[in-house]
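Trainee: I would like to learn how to read a chain contact and a sheet in a model of this kind. Please take me through both.

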Amino acid sequence: MNNNDKLGLLNIDTSFYQTRISSKFQNRKPYQPADPRIILSFIPGTVLEIFIKPGQNVSIGDDLMILDAMKMQNKLKCNMNGKVKSIAVKKGDKVSKGTVLLELE
Amino acid sequence: MPVNKKIRELQEKREKILLGGGEQAIEKQKAMGKRTARERIMALLDENSFNEYDLFVEHDARDFDMDKKSLPSDGVIIGSGTIYGAPVAIFAQDFTVAGGSLGLMHSRKITKIMDHALKMRMPLIGINDSGGARIQEGVNSLAGYGEIFFRNTISSGVIPQLSVILGPCAGGAVYSPALTDFVFVVDKISKMFITGPEVIKTVLGEEISMEELGGARVHSEITGNAHFFALSEEECFDQIKKLITFIPWNNGQKARMFEPVEPNPEYNINTIVPDDPTLPYDVKDVIRAIVDNSDFFEIMQLYAKNIVIGFGRMGGRTTGFVANQPLEMAGVLDVDSSDKAARFIRYCDAFNIPIITLVDLPGYLPGVDQEHAGVIRHGAKVLYAYSEATVPKLTVILRKAYGGGYIAMSSRHLRADFVFAWPSAEIAVMGPEGAANIIFRKEILSSADPDGTRKQKVEEYKTKFANPYVAASRGYVDAVIEPSETRKFLMHSIEVSENKDVHMPNKKHGLPPF
């Protein structure tokens with residue numbers, strides 16, 4: 001067998017196997033639990049309208065912004081009672097999926 | 001008009017059309033490193049075997065000044081011929097004519113040859129090289145694609161369908177190849193995507209080249225859309241020709257028999273697999289030690305390398321191989337390898353090809369990404385495919401067969417016809433370390449020397465359970481054999497399975513975990 005130098009160790013049920021480790025496995029993203037206070041874009045699109053300001057009190061169901069994506073105007077509504085801590089985007093910004101739009105507290 | 005004049009008239013008409021999009025367009029095609037559609041057909045088929053149909057077909061679009069445009073053969077060549085004497089129906093899109101765009105008549109030519117292939121029960125080869133829908137023909141163009149997809153689906157599992165991507169294949173067009181059995185791609189020539197770089201840039205602001213988005217390497221290594229990767233069109237055609245020798249013409253036949261040739265003795269089957277189950281080796285060497293002439297034709301070589309699939313011959317008969325690859329990711333089952341194996345198992349089953357499964361895996365890959373990617377439903381495809389398959393199923397357990405992995409890899413319980421195990425086989429509910437930690441947990445924790453006790457218990461478990469004899473005592477393994485006896489046992493099993501006849505309960509169709 002050649003390429004011994006490229007072998008790594010893979011732990012399956014506490015046994016360590018000598019084997020090549022795929023780049024997909026090496027590059028996988030470590031899991032992070034979702035934080036309900038951080039609002040992320042759920043789809044790539046453009047910020048069309050922002051209805052709130054930092055420091056403003058908000059409650060469940062309030063309109064936060066409109067994200068224009070796939071020819072649809074998606075209204076983002078507030079999911080908790082609290083305050084707007086910060087807004088990370090401005091009107092007209094193009095955002096990819098998973099971008100932080102704003103933070104509540 | 002005298003007959004010879006009429007014949008000359010035909011010759012002249014032909015010559016004009018045979019130039020396709022004209023010399024300039026042909027030059028452009030060559031500059032991209034591509035052959036013309038006609039050259040491709042000639043390179044692929046047996047010499048002088050090609051019969052062309054619908055040479056004189058023309059479009060009848062009227063809008064957008066299309067009535068003033070003449071498109072020779074409407075940008076696609078269809079016909080039939082042979083490869084090593086096997087009949088094949090073929091179409092090749094001609095990029096030199098309106099960019100190989102698909103209009104109504106273009107699509108009707110393709111569906112004509114598809115209908116022909118299905119009716120005559122012969123393989124269909126589609127060479128794709130097209131800019132996409134012919135926008136001027138509007139919804140007629142969409143109708144054309146739909147008619148092709150429908151036929152791809154209806155012919156699936158009846159005749160072999162091969163797609164060769166030798167240029168762009170974008171938008172809706174990608175779904176015809178995706179519905180066929182095997183997709184061939186060539187480095188720097190093939191490009192497949194639903195939405196191209198332009199749209200992605202406009203909508204998302206992400207910049208990516210065609211090659212990085214949907215080039216041959218991407219589809220061979222990352223997406224799993226392609227089954228064969230080649231560096232040149234020539235190599236690609238050799239792969240197609242070789243594949244044709246391994247598969248039957250239709251689902252009512254078996255693949256052609258070849259003269260059996262003994263494997264190359266340089267593959268010494270007794271020394272390939274290390275005894276320590278945590279050490280790697282290349283399972284393809286085991287396959288080469290077993291198959292005729294050591295000739296193993298691998299499929300999806302670059303994708304989910306932790307499982308190996310492909311064709312070889314046993315005593316001259318085509319056989320499908322599915323093998324865990326300890327060299328890559330310890331040979332685990334995961335989302336991608338499950339998809340890869342399950343589809344191949346179903347291919348073999350549809351086309352009367354016996355399946356040999358070589359087992360050496362520690363189980364399933366742990367991880368949040370795997371669980372969230374649906375390893376449950378993807379992994380279930382392997383169970384479904386093996387259980388459902390009624391072709392002869394032969395299993396050789398080389399070394400580890402732990403837990404769910406043991407069940408999934410064509411075990412007796414999923415109706416393998418023959419299960420053999422090497423003396424190095426370890427058929428157990430999990431690896432000795434993991435099992436001892438659970439079973440003897442209390443003893444290990446309460447021991448004055450936990451590490452010593454753990455080691456001792458692991459050894460105890462190994463001696464008692466990490467062998468093939470517990471499974472053999474239950475009849476789950478039919479025979480424990482020496483590695484050097486493997487070919488003999490497998491050849492005999494395939495021979496006696498020649499007339500295998502199993503009937504499934506009546507149903508419209510099952511519900512595999514798509």
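Trainee: How many residues does each chain bring to the contact?

Mentor: Two residues are in contact if their C-beta atoms, placed from the backbone, lie within 7 Å. Here, chain A contributes 20 residues and chain B 26 residues. This is a predicted model, in which local features need pLDDT of at least 70 and side-chain atom pairs count only at pLDDT 80 or more, while totals for chains, interfaces and linings use all residues. Residues are numbered from 1 along each chain as its sequence is written, with chains lettered from A and ligands numbered from 1 in the order in which they are written.

Trainee: Which helix supplies the largest share of the side of chain B that touches chain A?

Mentor: Helices (H or I, at least four residues) and strands (E, at least two) are DSSP runs, numbered from the N terminus. The largest share, three residues, belongs to α16(B).

Trainee: What is the strand order of the open sheet in chain B?

Mentor: Strands of a sheet pair through backbone hydrogen bonds, either parallel or antiparallel. Two strands count as paired if DSSP finds at least two bridges between them. In chain B, seven strands follow the order β1-β2-β3-β4-β5-β7-β9, with mixed pairing. The edge strands, each pairing on one side only, are β1 (51-53) and β9 (228-230) of chain B.

Trainee: How many bridges join β1(B) to β2 of chain B?

Mentor: Three bridges link these antiparallel strands, β2 spanning residues 76-83. B:Tyr53 has B:Ile78 as its bridge partner in β2(B).
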